[in-house]
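Biologist: Got a minute to go through this one with me? I'd like to start with where the chains meet.

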Amino acid sequence: MITDMLKKSLNKCRGYADLRHQKRDTFAVSVRDGKIEVLSNGIVEGACARVLVHGSFGFSSTTELQKRSIDRMLEDATSLAEASKLKKKRMVELASVSPHVDKYQTPTKTDPKKASREEVVAILKNVESEVRAFSKSIVSDSVTFNIIDDELSFVSSEGTEVTQRIVRCSGNVMAVARETGSIASASESIGAQAGLEVLKDTPLSNAGMIAAERAVKLASAKVAPGGFYNVIFENKLVGLLAHEAVGHCSEADLVYSGSFLADKIGKQVASEKVTLVDDGRYPNGYGTMKYDDEGVPTQKTVVIEEGVAKSFLHSRETAKYYGVKPTGNARAWDFQFDPIIRMRNTYIEPGDHTPEELAEGVKEGFFLKGGGSGQADFTGEFMFGTQEAVRIVKGELKDSLRGVTISGNAFDVLKNAEAIGKDFIMRIGSCGKEQTAYVGMGGASLRTKVLLGGAR
Amino acid sequence: MKLANYSDQAVQYCEKLGADEAEAYVQTVQTIEVVLERAEIQNERVKKMQGIGIRAIKDKKLGFAFTSSVDKGKMQEACRSALSLASVSLPNQDWVSLPEPQKLPKSPMGIFDKKAADAGAEEVISLVTRAYDEAKAYDERVEIDDGKFSVFTYQAAVSNSHGVEAEGKKTLLVGSLVCVAREGGETSSAASEYDVSTSLKDFSPERVGRLAAEKAVASLKPKAVASFDGKCILDPTVASAVLVQPIISSINADNVQKSRSLWSNRLGQEVAVANLTLIDDGLLSKGIGSSSFDSEGVPCQKTLVIESGTLLNFLYDSFSAHKENKKSTGNGHRAAYSQLPSITVSNLIIKAGTKRLDELISEVDKGILVKRFSGNVRQESGEFSGIAKQASYIEGGEIKHCLKETMISGNAFQAIKYIIEIGSEIRPTQNQTYVPPMLVDKMTIVSK
């Protein structure tokens with residue numbers, strides 16, 4: 001057993017040390033324009049050591065898994081930690097946690113290990129031909145499906161010993177439509193932390209139809225105008241807002257650097273309709289884990305309650321610094337990275353309005369649809385892409401325009417959140433903060449104001 | 001053992017298993033990096049990574065498998081996995097073959113630096129300290145937020161059933177620093193700078209520190225201006241993201257063949273202003289994307305893509321080239337052994353003009369200078385919109401003040417017809433493009 005080998009190596013460590021091992025088994029299929037473009041299977045396996053000596057961290061990783069390489073890795077990490085201590089003013093200390101010995105596995109109905117690869121290929125082939133058959137304007141499309149099956153072990157010099165198997169399945173459909181001289185693409189994704197039942201519970205063909213319909217509609221549409229407008233964020237965009245624009249400001253490492261929420265605990269930072277949560281155990285959430293990568297149990301953390309800032313997201317290091325308990329937010333993308341503070345499943349709790357009721361409150365504005373990518377500064381300033389902007393005139397939905405990037409300060413957007421819908425949805429996401437992390441992002445449609453960076 | 005021995009072994013084993021053709025790509029990467037977080041050295045990392053990716057073809061059906069071990073047993077398991085995936089795949093009638101061996105050019109000058117390859121954590125820490133000290137010395141209002149300095153040493157080998165066997169190594173140094181400036185309770189937006197180079201000698205952490213600090217201070221006290229359509233000077237990184245990325249997508253032969261490129265039938269036609277010349281040079285000395293061969297073992301080359309505004313060539317890997325009965329341009333690259341080769345630029349260079357940035361500024365009566373773009377660019381249609389960060393307002397040929405909550409939007413394929421001037425200060429960006437500052441007209445500038 002790899003865990004036993006890691007434990008043996010740990011015996012030799014000086015100071016605090018943790019060792020992680022990961023075996024990531026991936027399966028990927030991509031069907032593009034009627035042809036199988038990718039059919040791949042991969043196994044990436046490795047280990048890493050993180051050592052804390054005299055207030056300083058050192059980290060080392062390797063894909064060589066013999067005892068000798070693991071010992072060498074631990075030695076490398078230790079000497080790195082010792083080398084940098086002279087250059088540091090801030091001494092790292094870790095909040096204490098009681099050691100856990102535990103096992104966890106993503107609950108799955110259809111374990112991907114037993115999946116028939118032929119069946120998955122056949123489903124994708126079908127969806128792909130449906131999308132292409134949707135309209136003559138569709139010139140190209142692709143349907144992809146990925147299984148990522150992680151086996152994770154964590155052992156620490158404090159006696160924690162946790163193994164977890166986290167299974168994630170996700171799919172995406174992309175359609176490209178062309179009209180004379182213009183081209184538009186649209187995409188839609190599905191996915192969850194679950195087994196192959198994802199393909200039954202959220203059929204890829206539904207995602208395919210949304211993408212196909214949108215690409216065709218937008219191929220001949222104009223670009224939305226620029227300016228400051230009353231808008232409704234579709235539920236998919238609200239998840240992005242919760243994560244990207246607000247959530248990052250609550251990450252304690254960014255708080256330390258002076259993020260927007262740094263001095264706001266106990267203060268009103270959003271409309272009282274807004275409650276924002278980062279939940280490490282949301283059922284089937286893409287960012288769900290029972291323990292984070294420091295071996296700390298995850299929990300449901302309320303960041304903003306009825307508009308008032310309540311808590312930050314912590315690692316053991318920042319929890320010690322701020323004198324609170326760790327929240328289980330220290331995560332690492334893989335064995336090549338040390339854990340840093342990341343969100344898990346971040347969402348804004350739903351309200352009780354229907355989308356129609358939300359639109360009724362808008363005289364002139366847009367219903368913004370389709371999550372694109374997003375970025376934000378820790379000041380709360382954000383930007384993200386939208387796929388489609390449906391014009392609203394006197395409370396009624398009109399024509400569709402090509403979506404543009406929207407921007408503003410998240411806390412202004414949330415102060416202006418006048419009404420929240422009941423169409424809650426939890427989606428999958430991938431966040432980049434030096435390293436990638438799979439996260440869940442959730443919310444319901446929401447009425448507010450925002451700047452559209454569109455045409456004039 | 002030579003790296004190519006592993007790829008040879010894998011290819012032979014696939015053939016033994018009954019593959020019509022097989023290809024193996026082995027890679028090792030050593031990374032030494034130092035991470036700055038909250039103004040302090042947070043972590044140092046030493047990472048050792050290796051792996052092999054195997055393409056097996058049987059009856060025009062392709063399977064791909066990879067593993068992070070070159071241990072014989074695990075490598076053979078990956079070969080069997082690739083073959084078994086090929087058996088459940090569907091035949092691709094466009095498949096001709098893996099590339100045939102060709103004589104390779106000499107390895108481009110200056111892409112492997114022994115000093116960088118031998119560097120230890122101490123050297124990397126000193127790069128960080130130099131950048132840090134320079135930023136702090138620039139102005140007392142400057143605070144360093146985070147940063148990362150990495151030294152990578154890559155080795156790769158590729159073999160296939162037709163006798164392709166190539167092996168090479170290179171080094172890459174990448175460093176970045178994020179600063180903010182604080183004054184009287186105000187915090188500037190985060191300003192980031194970077195440098196990227198293939199050798200320690202050409203890498204300047206001081207420049208990273210100074211430029212990041214300069215940008216942070218310059219973005220204090222922002223003011224808004226009313227929306228207008230007009231001139232924008234795009235910094236190299238911004239020009240690369242906004243203008244060059246859609247071009248890269250459009251010159252990709254695979255996109256061209258699948259009608260995903262607006263330039264599908266535009267070869268020989270004028271697509272941009274006459275002062276725009278674009279070259280992909282896989283053999284550029286000291287080039288960050290240079291190599292004598294691509295990830296399929298095809299020789300890298302220099303390809304003239306756009307000459308004086310006229311579209312001349314697309315970029316090919318061997319699959320897309322075979323489809324048109326052409327030769328691959330040596331652009332079948334892959335970022336890692338775990339990926340299939342796909343058409344990627346080597347070093348895409350926009351030919352520099354003659355004017356410095358300050359000369360470009362002096363030519364603008366009303367416009368903006370954008371040093372950072374945070375937004376979305378639609379590769380196929382060329383539409384872009386996003387926030388202009390570290391952006392300044394220019395009037396009467398002078399920078400007046402920095403801008404607050406300003407967005408820019410437009411269309412890359414239109415914008416390259418409205419390029420007024422291309423600057424002289426060309427620099428490599430992290431997506432393997434070499435771009436100078438560019439002065440472009442008819443951009444939409446939107447503010448609240």
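Modeller: This is a predicted model, to say that up front. Strand β3 of chain A, residues 56-62, and β2(B) pair in the parallel sense over 4 bridges.

Biologist: Which residue stands opposite A:Ser60 in β2(B)?

Modeller: That would be B:Val46.

Biologist: And how many residues of chain B are in contact with chain A?

Modeller: 59 residues of chain B, and they touch 67 residues of chain A. Strand β2 of chain B, residues 40-58, gives the most to chain B's side, with 12 residues. By class, that side of chain B divides into 18 nonpolar, 24 polar and 17 charged.

Biologist: OK, switching to chain A by itself. Into which domains is chain A divided?

Modeller: Domain 1 covers 2-219 and domain 2 covers 227-452. Taken over C-alpha atoms, the centres of domain 1 and domain 2 of chain A are separated by 22 Å.

Biologist: How many residues of domain 1 of chain A are in contact with domain 2 of chain A?

Modeller: 37 residues of domain 1 of chain A, in contact with 28 residues of domain 2 of chain A. On the domain 1 side, the elements of chain A that each supply at least two residues include β1 (16-32), β2 (35-53), β3 and α5 (204-219). That side of domain 1 has 17 nonpolar, 12 polar and 8 charged residues.

Biologist: Now the strands of domain 2. What does β8 of chain A pair with?

Modeller: Strand β8 of chain A, residues 227-233, pairs with strand β22 of chain A, residues 446-452, in the antiparallel sense over 7 bridges. β8(A) also pairs with strand β15 of chain A, residues 364-376, in the parallel sense over 4 bridges.

Biologist: Which residues are the bridge partners of A:Val231 in β22(A) and A:Phe233 in β15(A)?

Modeller: A:Val231 has A:Thr448 as its partner in β22(A), and A:Phe233 has A:Leu368 in β15(A).

Biologist: There's an open sheet in chain A too. In what order do its 6 strands come?

Modeller: The order is β11-β10-β9-β14-β21-β20, all in chain A, and the pairing is mixed. β11 (308-309) and β20 (425-433) of chain A stand at the edges with a single partner strand each, so one side of each is left without a neighbour in the sheet.

Biologist: How do β9 and β10 of chain A pair, parallel or antiparallel?

Modeller: Strand β9 of chain A, residues 276-279, and strand β10 of chain A, residues 300-305, pair in the antiparallel sense over 4 bridges. Within β10(A), A:Thr301 is the bridge partner of A:Asp278.

Biologist: And which strands does helix α6 of chain A lie across?

Modeller: Helix α6 of chain A, residues 235-246, lies across β9, β14 (345-348), β20 and β21 (435-443) of chain A. The helix runs at about 130° to β21(A).

Biologist: Helix pairs next. At what angle do α1 and α2 of chain A pack?

Modeller: About 45°, between helix α1 (residues 2-10) and helix α2 (residues 67-84) of chain A, with their axes 10 Å apart. That makes α1(A) oblique to α2(A). Their crossing is right-handed.

Biologist: Which residues meet there?

Modeller: A:Met5, A:Leu6 and A:Ser9 in α1(A) meet A:Lys67, A:Ile70, A:Asp71 and A:Leu74 in α2(A). By class, this contact has 4 nonpolar, 1 polar and 2 charged residues.

Biologist: What about α1 and α2 in chain B?

Modeller: Helix α1 of chain B, residues 3-16, and helix α2 of chain B, residues 72-88, have axes that come within 10 Å and cross at roughly 45°. That makes α1(B) oblique to α2(B), and α1(B) passes α2(B) in a right-handed crossing. On the α1(B) side B:Tyr6, B:Ala10, B:Tyr13 and B:Cys14 make the contact, and they meet B:Met75, B:Gln76, B:Cys79, B:Ala82 and B:Leu83 in α2(B). The classes there are 8 nonpolar, 1 polar and no charged.

Biologist: Last one: how far apart are the axes of α4 and α5 in chain B?

Modeller: 7 Å, with helix α4 (residues 121-138) and helix α5 (residues 205-218) of chain B packing at an angle of about 35°. The residues in that contact include B:Leu127 and B:Tyr138 of α4(B) and B:Val208 and B:Ala212 of α5(B). The contact divides into 9 nonpolar, 1 polar and 5 charged.

Methods
Residues numbered from 1 in each chain as written. Chains lettered and ligands numbered in written order. Predicted model: local features only at pLDDT ≥ 70, side-chain atom pairs only at ≥ 80, totals over all residues. Pairing = 2+ DSSP bridges. Contact = placed C-beta atoms within 7 Å. Nonpolar A, V, L, I, M, F, W, Y, C, P; charged D, E, K, R; others polar. Axes fitted to C-alpha atoms, helices over the stretch in contact; angles between N-to-C directions. Domains from an automatic or database assignment. Parallel < 35°, antiparallel > 145°, perpendicular 65-115°, else oblique. Left-handed = near helix turned anticlockwise from the far one by under 90°.
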